Amino acid sequence: MRTVTQSFDALILGGGAAGLMCAIEAGKRGRRVAVLERADRLGKKILISGGGRCNFTNIHCQPENFLSANPHFAKSALARYTPADFIALVEKHKIPYHEKTLGQLFCDGSARDILNMLEVECRAARASIFLKTQIYEVTRTSEFRVRTAEGEFCAPALVVATGGLSIPKIGATSFGYDLARQFGVKIRDPRPGLVALVLGPEDRSRYCDLAGVSTEVVASCGGHHFREKMLITHRGLSGPAILQISSYWEKVQPIQIDLAPESEVAAIFRDPKTPRNSSALRSQLRQILPSRLADRWLELHPPAAWTNATLADFERQIHAWTITPADTEGYEKAEVTAGGVNTDELSPQTMECRKIPGLFFVGEVVDVTGHLGGFNFQWAWASGAAAGRAL
């Protein structure tokens, strides 16, 4: 039986946020593009994001909200496709949305609204979508050739938008990294990002029966710090502050947590009328921390005496709780994958490989990782648009 070969101007591997944006921008410019998606539907990660409401961008997006071995790499793409550009698209499609904390934008309805919008834009751009398309082999001679069960696809340009390793249950694989290696493109070791941290047995026995307790903290690690909520879990620590710091954390590295930001716990004892005892300190601590956490902290870190020096030490400890996580919750729970295709290999203007003309990498597969709060979607839109315009 003869293999059917379909020719296009560009093949986009992956029908997620970055791949769809790339198809839209390329199609608008008259390029004939095919999106090849392994799953039975597009945008699975879009649908589960933001608790099903899709935190589709952040109005305060800056290059400083991204981590990469090259902190300057993302600047060009982010400057040329901004949150305002994506918001204009959302408003054109009359999708109602709202701002939550810290500039995060969510759909009023569901994430499906964003996916429907992207699908409508793809149709308008005449992009061809192929679902349930398992790729067996990618080769390159005069052009790229992708072999699938349904036949072969060929094009002079290939865009890899296959995502990272996060959330394997919705289909994440190492395909993009494997393909990069096949073409001799360097990778920075991937690791789970925006992920809960697991504590060692001793710390777990001290704190994890408080699972469900949440409080505002400043979490710090490696010169980075985030002031948001921390949540104690059955296995360790989570909540936005911890997810943020996890992207910077490396094994055996301690993290520091200020449990009482901008509060001075022992200040009450400056008044000579205040009795220097545990009940006075507990009562004060309970005004700053959830009661169960306040009681546990006092139980585990009681002042050795009631002198000014020991109270100063108690104060210091609560603002610099130093704890060394044992691990992260892994790719199963990670919202993103940090690391990926080395940005030294790519043009920041177009996302094209410097060594291999016609080969592009966009979105999460690249070593650019956003903070929590819509930044990773903005990188997907911006990098996808940069490649789509360059095709």
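Contact, as the word is used here, means that heavy atoms lie within 4.5 Å of each other. With that meaning in hand, the reader can approach this predicted model through one residue and then through its domains.

The residue is S68, placed in the loop that runs between strand β5 (66–67) and helix α3 (75–80). Leaving aside residues up to four places away in sequence, S68 touches T343, D367 and V368. With D367 there is also a polar link, in which the side chain of S68 reaches the backbone oxygen of D367 at 2.7 Å.

The division of the chain places these residues in a wider setting. Domain 1 is made of two stretches, 5–192 and 335–390, while domain 2 covers 197–328. Between the C-alpha centres of domain 1 and domain 2 the distance is 39 Å.

The next topic is the interface between the two domains. Here seven residues of domain 1 meet nine residues of domain 2 in contact. Together domain 1 and domain 2 bury about 740 Å² between them, and carbon and sulfur atoms account for 54% of that area. On the side of domain 1 that touches domain 2, four residues are nonpolar, one is polar and two are charged. What is the count of salt bridges between domain 1 and domain 2? The count is zero. Polar contact does occur across this interface, where three residue pairs are found, both residues of each at pLDDT 80 or more.

UniProt annotations from an unreviewed entry add names to parts of the chain. The record gives "domain: RsdA/BaiN/AoA(So)-like insert" for residues 191–336. Over residues 191–336 the chain is 32% helix and 24% strand, with its end C-alpha atoms 9 Å apart. For residues 9–389, the record lists "domain: RsdA/BaiN/AoA(So)-like Rossmann fold-like". Helix makes up 30% and strand 24% of residues 9–389, and the C-alpha atoms at the two ends are 13 Å apart.

Key
Residues numbered from 1 in each chain as written. Predicted model: local features only at pLDDT ≥ 70, side-chain atom pairs only at ≥ 80, totals over all residues. Heavy atoms only, no water. Domains from an automatic or database assignment. Buried area = accessible area lost by both parts, 1.4 Å probe. Salt bridge = Lys/Arg side-chain N within 4 Å of Asp/Glu carboxyl O. Polar contact = N/O pair within 3.5 Å; in protein donor to acceptor, adjacent residues only side chain to side chain. Nonpolar A, V, L, I, M, F, W, Y, C, P; charged D, E, K, R; others polar. UniProt positions renumbered as here; feature names shortened; annotations may be inferred. Helix = DSSP H or I, 4+ residues; strand = E, 2+ residues; numbered from the N terminus.
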